Amino acid sequence: FVDPTVEVLQDNPCLTEFITTVLALPEPSLSILSFTLRLVGILAASEVRFQRLQQEQLLVRLFGRDGPLNSAAWEDASVRSGWVEGVHSMMHHQPALQFLCNGGGIDVIFTLQGDSSLFVASAATQLLVQMLTLSVESETTKPPATKDCDWPACAQMIIKHIEDSLQSSSVCQIKQSLKLLTSVFGSCRAAWTEVLWLGIAKQVESLLTEETVQVKHMLANLLLNMAWSPVFSDPEGSFWALVTSALEHLTPVQVGPLAEGVLRLYRCPQDVRIQALTVLLQPMDCILRAASQPLEYAGLLDESVSDPVTVENLLSSKSSCASLLCQTLAHLEKLLSMTRFQVDLPATSLLRSLMTILQFCNGFLSPVSPLGSTISRILINCSRVQRSALDVLAALSERKGCDTLIGNLFDILLAYLESPNTSPTVLKKTFNATSKWLVHLQELSCSNSQRQQTKKILQDVFLVLQKHLCSPCWEVRDSSLEFLTVLIEGLRDQDEFRQSLLSSEVPKLTENLLEDPESYVRASAVTAVGHLAFITYFAAGSPVTGNQYNKENTIAKLQEILSTDSEGFPRRAVISIFTKWVREGCTFQLEDTEQFVSRVIRIVEHDLDWEVRLGGLDLVQAFCNQTICLFGLPKCLYASVTPAVTRSVRRNKPLQIFCRAKLFSFLFWSLCDYDKPVGQRACDILLDLSSSFYPIRSLKDSQETGDLPAGYGIDWLQNTLRQGSLAQNFPTDGSNGVNFEDPESMMVALGTIDLIELHDELNKSSYHVEESPQSLLEDILATVGTIEENEADCY
């Protein structure tokens, strides 16, 4: 409808009749009226259609004073929403802007900024942003100058409204203007925004220094949006002085988002950056100083931006302590997670502060200072702060300079792991932090004493892990298995880790959990057992002997789960592990892998869970890639110097393997799967195979194949795939003349079936039908006579 070249009104007079009919009703349905306002707004987005609707007096009857504005229908929020959305849709050209401003509609929008419906109020604010931008950028012949700015008429009205609201004694009006300004500076980066700012900067600055606190958090959002705009990037500009003032005058809770935001900016002036970092570190510094009196360690800060007493009072209050710490920790975690532009944080002092917080929370630290005692009483068993601190602790493992504290750190982590008071959610976070720091520990240069320390830590970790694997709480068992999997992924090549793991009861307990009554735990156990195999079976020179770790027995157990488990999660985990084994090429010899893959896909192809079937295709793709690479097929066929006999051998051998494994029947059957992602993946794999066997030319142009063999039923197969609806009758036994286990037949199929066309059909979105103008018109017509049934869909 937005396309101005489409003559929707002229070609579909029923639309005008529909609008006229709705306007003629004495009391139209509110949902139909709202729909009509939206529909007309969409139509009026084109200037040509706008003029036509205006000539027929339809716009003024809907959006003018004679429309719903002065009727009882206006009391309904859906009608007001429809009005705002309709105006928003049409606001793409000058005539629409003039129509609204000259007809008094802009005053209506000013009123709707304070609407009782948050959706309507937000939409009204966004509409004013759009109108201001359209007015300035379409009505001015030259950019507004700093002095004696001649704003266009509509822009003048909006700017005056902003200025008046900022000077108002009404907090609601001030908030509305600050929201509007925040949206303007957040969405527009044009030079005129600086001129706008210069006209209101004094008023905003006065709000910052006043005692009124209701709007100060909004000032932080406004300044942050401005900081991200290149218009205000000049380090010598007055804007950064205001940011500095905000960092000084706003409370730590209010200023936190601004401090984090400016630290993410590469072009932020260095003095502002230091000040912002100081603001974020101040609560952490206070924690560290409160832990001991006299101060045992140096704090994080030499001096504070604002009065330290403010932070101390917040941390001493039960109502604000946890909130301030959680917000501060969340900001620090985001900064630590930045990869492209890292913020220089004092890692050692920050780690010591985090450890102090965690000790406060579990009651393992009894500070002698009055402030420390108060904070410790407030934070005892506070899971919110524990989770936040552990998140930052995990992120801090990526930074260097904390090595001297590792022993004390693991004492605290082990205390959390062993404590019966640690909640399952906090335990999960503790597992995550422990795994990150164990990996970091292995990366350190290892002296003999460090190796002994690492060995002792690992032994302690596996002792406590054994207990959690037997926990009556399924969430704890599940988190423990996930923790074990992460450890194996990161440390399986380390001798100390392998020895500590295999000398514990953890592997046996993990295998027992394959029969856990909870499906989530069974799935996690499958994944953990699958990763354990890289140590117990597949590692070169594996020390494991005897019947305790039997590879065939484990594979049989996993295949049984894949065949019989009533829940989808464990079955998905099994196929994922099998795929990982094959992808990493560490399962068996090629002949054994072929039989293994064949058995698995025979199980998977009839699974009712489409994600399991999709996992089966991932397994097939991994096997195909391994086999093709083994024979050097992709590159060799491109080489013109490769003898024809060699090409034929390298091509036919993997093709024979795929046919023996019955991969092609699974792939072609999956093409007709009722679940679209399965068909798409199967088509991708067949396209890869086709390009491997025919990398340069199609079969039809190949001189090697000669005439196509008759009797293979390839034409039938291609027609079946085009219909895409015969999955339940798809032959896998050679009926209809298709032999999926015959290499020559499959070679012909890969070369003749138009897989590219099929790929395009499978990937075509249904939106091209569902969101077409014809579809919308059909929806409108469908409501005739059955309005009550369909009014929600129509709305």
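**Exercise 1.** Which side chain meets that of R289 in a salt bridge? Find the partner in this predicted model, and then describe where the two residues lie and how accessible each of them is.

*Solution.* Begin with the pair itself: the side chain of R289 meets that of D285 in a salt bridge, with 2.8 Å from N to O. Next, look at the secondary structure, where R289 and D285 both belong to helix α16 (residues 270–290) and stand 4 residues apart, about one turn of the helix. Finally, turn to accessibility, for which the cut-off for buried is under 20% relative accessible area. D285 counts as buried because its relative accessibility is 7%, whereas R289, with a relative accessible area of 31%, is partly exposed.

**Exercise 2.** Determine which elements the salt bridge between R80 and D115 links, and decide whether each residue is buried or exposed.

*Solution.* The side chains of R80 and D115 meet in a salt bridge of 2.7 Å, N to O. This pair links distant parts of the chain, since R80 is in helix α6 (residues 77–90) and D115 is in the loop between α8 (105–112) and α9 (118–139), 35 residues apart. For the last step, R80 has a relative accessible area of 8% and is therefore buried, and D115, with a relative accessible area of 14%, is buried as well.

**Exercise 3.** Describe the surroundings of L655, working from its helix to its contacts.

*Solution.* L655 is found in helix α34, which covers residues 644–660. Its relative accessibility is 1%, so L655 counts as buried. If residues up to four places away in sequence are not counted, L655 touches F664, F693, P743 and M747. A further comparison can be made with C624, which is 31 residues from L655 in sequence and 9.6 Å from it in space, C-alpha to C-alpha.

**Exercise 4.** Examine the phi angles of Q57 and N381, and explain why they deserve attention.

*Solution.* The general rule comes before the two cases: most residues other than glycine have a negative phi. Phi of Q57, however, is near 60°, a positive value in a residue other than glycine, and phi of N381 is likewise near 60° and positive. The next step is to locate them: Q57 has its place in the loop between α4 (47–55) and α5 (58–63), while N381 is found in the loop between α20 (370–379) and α21 (383–396). As for accessibility, Q57 counts as partly exposed at 46%, and N381 is partly exposed with a relative accessible area of 49%.

Technical notes. Residues are numbered from 1 along each chain as its sequence is written. This is a predicted model: local features need pLDDT of at least 70, side-chain atom pairs count only at pLDDT 80 or more; totals for chains, interfaces and linings use all residues. Side-chain values use heavy atoms; hydrogens and water are left out. Helices (H or I, at least four residues) and strands (E, at least two) are DSSP runs, numbered from the N terminus. Buried means under 20% relative accessible area, exposed over 50%, partly exposed in between (1.4 Å probe, protein chains only). Contact means heavy atoms within 4.5 Å. A salt bridge is a side-chain nitrogen of Lys or Arg within 4 Å of a carboxyl oxygen of Asp or Glu.
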